[in-house]
Amino acid sequence: MGKIFETKLRVRYQETDKMGVVYHSNYLIWFEVGRTELIRSVGLPYSLLEEKNLLLPAIEANCRYLSPARYDDELRIKTQIEEMTGVRIQFKYEIWRMIDQTLLVEGFTKHAWVNERMKPISLKSKFPEIYQLILSEAL
């Protein structure tokens with residue numbers, strides 16, 4: 001497994017339901033925050049990937065809810081690359097409440113490297129410099 005990258009955020013009121021509990025779909029959005037920041041941290045902001053017509057759509061997502069987050073909680077998103085091939089990449093996530101160090105959610109997303117026509121490509125073959133950068137900085 002790869003290096004762990006951490007991102008912090010605070011639960012906003014709009015992300016909660018009437019009971020003050022975070023609505024379940026927000027965790028997948030926070031997975032995206034963690035993933036985007038991991039990729040940015042290794043020197044590959046999504047804008048740079050898109051300039052190269054390189055896209056990374058999700059092909060599978062999993063989220064296991066352990067304990068609820070609530071309005072105004074400070075959270076830590078831990079993200080790491082779990083697996084990477086030339087065509088696919090899988091990220092692992094954990095979301096923790098900072099005040100009591102409670103693990104709230106864990107999950108993963110799988111993605112495929114594709115071109116602007118949504119055709120799968122081998123990152124290792126087509127963009128070996130990007131593949132090597134990810135290997136050296138995140139794995």
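Guide: Two strands count as paired if DSSP finds at least two bridges between them. Helices (H or I, at least four residues) and strands (E, at least two) are DSSP runs, numbered from the N terminus. With these terms, S2 and S5 pair in the antiparallel sense, over seven bridges.

Visitor: What should be known about the model before it is read?

Guide: This is a predicted model, in which local features need pLDDT of at least 70 and side-chain atom pairs count only at pLDDT 80 or more, while totals for chains, interfaces and linings use all residues. Residues are numbered from 1 along each chain as its sequence is written, and side-chain values use heavy atoms, with hydrogens and water left out.

Visitor: How many helices and strands does the protein chain have, and what pattern does it follow along the sequence?

Guide: The protein chain contains four helices and five strands. Along the sequence, their pattern is β-α-α-β-β-β-β-α-α. The radius of gyration (taken over C-alpha atoms) is compared with a globule rule, 2.2 Å times the number of residues to the power 0.38. For this protein chain the radius is 16 Å, close to the 14 Å that the rule gives for 139 residues, so the chain is as compact as a globular protein of that length. Taken along the principal axes, the C-alpha atoms fill a box of roughly 50 × 30 × 25 Å.

Visitor: In what order do the strands form the sheet, and is the pairing parallel or antiparallel?

Guide: Strands of a sheet pair through backbone hydrogen bonds, either parallel or antiparallel. Here five strands form an open sheet in the order S1-S3-S4-S5-S2, with antiparallel pairing. Strand S1 (5-10) and strand S2 (58-65) stand at the edges; each has a single partner strand, so one side of each is left without a neighbour in the sheet. From one strand to the next, the twist averages 20°.

Visitor: Which residues stand opposite one another in S4 and S5, and how many bridges join these strands?

Guide: Ten bridges join strand S4 (residues 88-97) to strand S5 (residues 102-112). Among the facing pairs, Ile 89 stands opposite His 111, and Gln 90 has Lys 110 as its bridge partner. His 111 is also the bridge partner of Ala 58. On the other side of the hairpin question, S3 and S4 pair over nine bridges, one of which links Gln 80 with Lys 92.

Visitor: Which strands form a hairpin, and how many residues lie between them?

Guide: S3 and S4 form a hairpin with three residues between them, and S4 and S5 form a hairpin with four residues between them. The turn of the S4 and S5 hairpin includes Gln 101, whose phi is positive.

Visitor: How should a positive phi be read, and where is Asn 53 found?

Guide: Most residues other than glycine have a negative phi. Asn 53 departs from this, with a phi near 55°; this residue lies in the loop between helix H2 (46-51) and S2. Gln 101, also not a glycine, has a positive phi of about 55°. For the surroundings of such residues, buried means under 20% relative accessible area, exposed over 50%, and partly exposed in between (1.4 Å probe, protein chains only). Asn 53 is partly exposed at 37%, and Gln 101 is partly exposed at 45%.

Visitor: How many residues of S4 are buried, and what share of the protein chain is buried?

Guide: S4 is mostly covered, with eight of its ten residues buried. In the protein chain, 43% of the 139 residues are buried.

Visitor: Which helices lie across the strands, and at what angle to S3 do they run?

Guide: Axes are lines fitted to C-alpha atoms, for helices over the stretch in contact, and angles run from 0 to 180 degrees between N-to-C directions; contact means heavy atoms within 4.5 Å. Helix H1 (residues 26-41) lies across S1, S2, strand S3 (74-84), S4 and S5, at about 65° to S3. Helix H4 (residues 128-138) lies across S1 and S3, at about 125° to S3.

Visitor: Which residues have the most contacts inside the largest nonpolar core?

Guide: A nonpolar core is a set of buried Ala, Val, Leu, Ile, Met, Phe, Trp, Tyr and Cys residues joined through side-chain atoms within 4.5 Å. The largest one here has 33 residues, and Trp 30, Trp 113 and Ile 134 have the most contacts inside it. S1, H1, S3, S4, S5 and H4 each supply at least two residues of this core, and the largest share, five residues, comes from H1. Leaving aside neighbours within four places in sequence, Trp 30 is in contact with residues including Leu 9, Val 22, Leu 75, Ile 77 and Ile 95.
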